[in-house]
Amino acid sequence: MSETARSRAAALPHLRRGRLTMGDPIPLPLTMAAIYHAPGDATGFDQYGRFSNPTWDAVEDMLAHLEGAPCVAFPSGMAAISAVFFGLLKSGDRILLPSDGYHTTRALAEGFLKPFGVAHDVRPTSTFLDGGFDGYRLAFVETPANPGLDICDIAAVAEAAHKAGAILVVDNTTMTPFGQRPLDLGADIVIAADTKAPNGHSDVLFGHVASRNADIIAAVSGWRETSGAIPGPFEAWLVHRGLETLDVRFDRMCSSAEVIARRLESHRAISGLRFPGLVGDPSHNLARAQMERFGFLVSFVLASEDKAEDFINNCLLMQAATSFGGVHTSAERRAKRGDVVPPGFVRLSVGCEPVEELWQAIEASLNGISG
Ligand SMILES: Cc1ncc(COP(=O)(O)O)c(C=O)c1O
């Protein structure tokens, strides 16, 4: 981790320190409130639960500290993506999406933007620069892309998109701000599903939008307030708690993923192994240049659907579940979610278990399906 990432991590649990007065609780109080005391002109104060909430403010301060930009919190990653699309796009706009990223983003564009007159095209993440960005209002990348883990050069895409008059949105869910800071690389907007590693305990959905452009922040805040897509205070409180340990969990998960990916390389049951940290991975050089860490996701292909299901279900230190980024190692056969991948394709999310024990469990399960 770079010195700046370390100093951000160190300051994170102390952000509220300067605002505490004698007798205040050190842990964040949970404010469950639909209404606030607001006699007369209450401008500048919390007035109504759809406009503001002190627990959201605290989690947004943490996310803003990590992203290096103002943040607006949402009740899920998809709510954050929707806020960017519906807050910024208008009929007649055209946008560009990754063909290999999270499938629901494309479903949102197809099912809900298209009927409003916003067209979209798709392009693979690894060749996202090819073809340029003329005619697009917004380009959206996910890097590393979920689930195939291809990556694209954020700085180069930002430069080319800006030259063509488009804004660049980066879905940073697979990396978290400790793994990659897209705004520093020239992106206009970061969105993320904090449902994943930032919360880390697989018990809430949450998301955020970050941008250094005040008009963008005003537009997505306006969308949240008017559409009512607001985070619950309790969910915000849990994400605040999760963020306090993100650095430690992310460090363990990324370190373990490096060990496990290197060992998977030589296992006879595995083909198509992808992990940006492997020297032979097609993404490796770019990953070294733009990412702080290589992440905690590993993907690979087993011989068949049945072998992949058996591998996941028989591994004693693995949860068979969708989603990723939790303290528990989990895995999913992504073809069952409709991703265009082979039937035996597995996305593995490395958790916080001690790595040697975890590897032994993974190896035993792989040996079990290798006959
Ligand atoms: C890359 C990516 N972006 C966005 C989302 C959406 O997040 P949520 O499920 O919190 O709406 C997901 C969910 O898996 C994701 O993987």
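Is W223 buried, exposed or partly exposed? Keep that one in mind for a minute, everybody. Before I get to it, please remember that we're looking at a predicted model.

Okay, let's start with aromatic rings. When people talk about a ring pair, they describe it by how far apart the centres are and by the angle between the planes. Searching the whole structure turns up ten aromatic pairs. Take F86 and W223: their ring centres are 5.4 Å apart and the planes make an angle of 20 degrees, so this pair is stacked, since anything under 30 degrees counts that way. What I like here is where the two partners come from. F86 belongs to helix α3, residues 77–88, while W223 belongs to helix α7, residues 214–227, so to speak a link between distant parts of the chain, 137 residues apart.

Now back to my opening question. W223 has a relative accessibility of 27%, so it counts as partly exposed. F86 is partly exposed too, at 25% relative accessible area. And there's a third member in this story: ring pairs join F86, F116 and W223 into a cluster.

Here's another pair to look at, F300 with F311. Their centres are 5.8 Å apart and the planes sit at 70 degrees, which makes the pair edge-to-face, because the angle is over 60 degrees. F300 is in strand β9, residues 297–301, and F311 is in helix α11, residues 305–314, so this pair ties together parts that are eleven residues apart in sequence. How accessible are they? F300 is buried, with a relative accessible area of 0%, and F311 is buried as well, also at 0%.

Rings can have charged company, too. Have a look at R123. Its charged end sits over the ring of F128, 6.0 Å from the centre. R123 also lies over the face of F133, at 5.4 Å from that ring centre.

Next, the backbone. As a rule of thumb, most peptide bonds are trans, and most residues other than glycine have a negative phi. So which bonds are cis here? One joins T143 and P144, with omega at about -5 degrees. Another joins N146 and P147, with omega at about 15 degrees. P144 is in the loop between β4, residues 138–142, and α5, residues 154–163, and P147 is in the loop between β4 and α5 as well.

As for phi, T176 isn't a glycine, yet its phi is positive, about 65 degrees. You'll find T176 in helix α6, residues 176–179, and it's buried, with 3% relative accessible area. S323 isn't a glycine either, and its phi is positive at about 75 degrees. That residue is in the loop between β10, residues 319–320, and β11, residues 330–333. S323 is partly exposed, at 23%.

Last stop, the sheet. What order do its five strands take? It's an open sheet that goes β8-β9-β12-β11-β10, and the pairing is mixed. At the edges are β8, residues 271–274, and β10; each has a single partner strand, so one side of each has no neighbour in the sheet. β10 pairs with β11 in the parallel sense, over two bridges. One bridge to look up is Q319, whose partner in β11 is S330.

And remember helix α11, the home of F311? That helix lies across β9, β10, β11 and β12, residues 345–349, and runs at about 165 degrees to β11. Okay, that's me done, thanks!

Terms used
Residues numbered from 1 in each chain as written. Predicted model: local features only at pLDDT ≥ 70, side-chain atom pairs only at ≥ 80, totals over all residues. Heavy atoms only, no water. Phe/Tyr/Trp six-rings, centres within 6.5 Å; stacked < 30°, edge-to-face > 60°. Helix = DSSP H or I, 4+ residues; strand = E, 2+ residues; numbered from the N terminus. Buried < 20%, exposed > 50% of the residue type's maximum accessible area, 1.4 Å probe, protein only. Lys NZ or Arg CZ within 6 Å of the ring centre and 35° of its normal. Pairing = 2+ DSSP bridges. Contact = heavy atoms within 4.5 Å. Axes fitted to C-alpha atoms, helices over the stretch in contact; angles between N-to-C directions.
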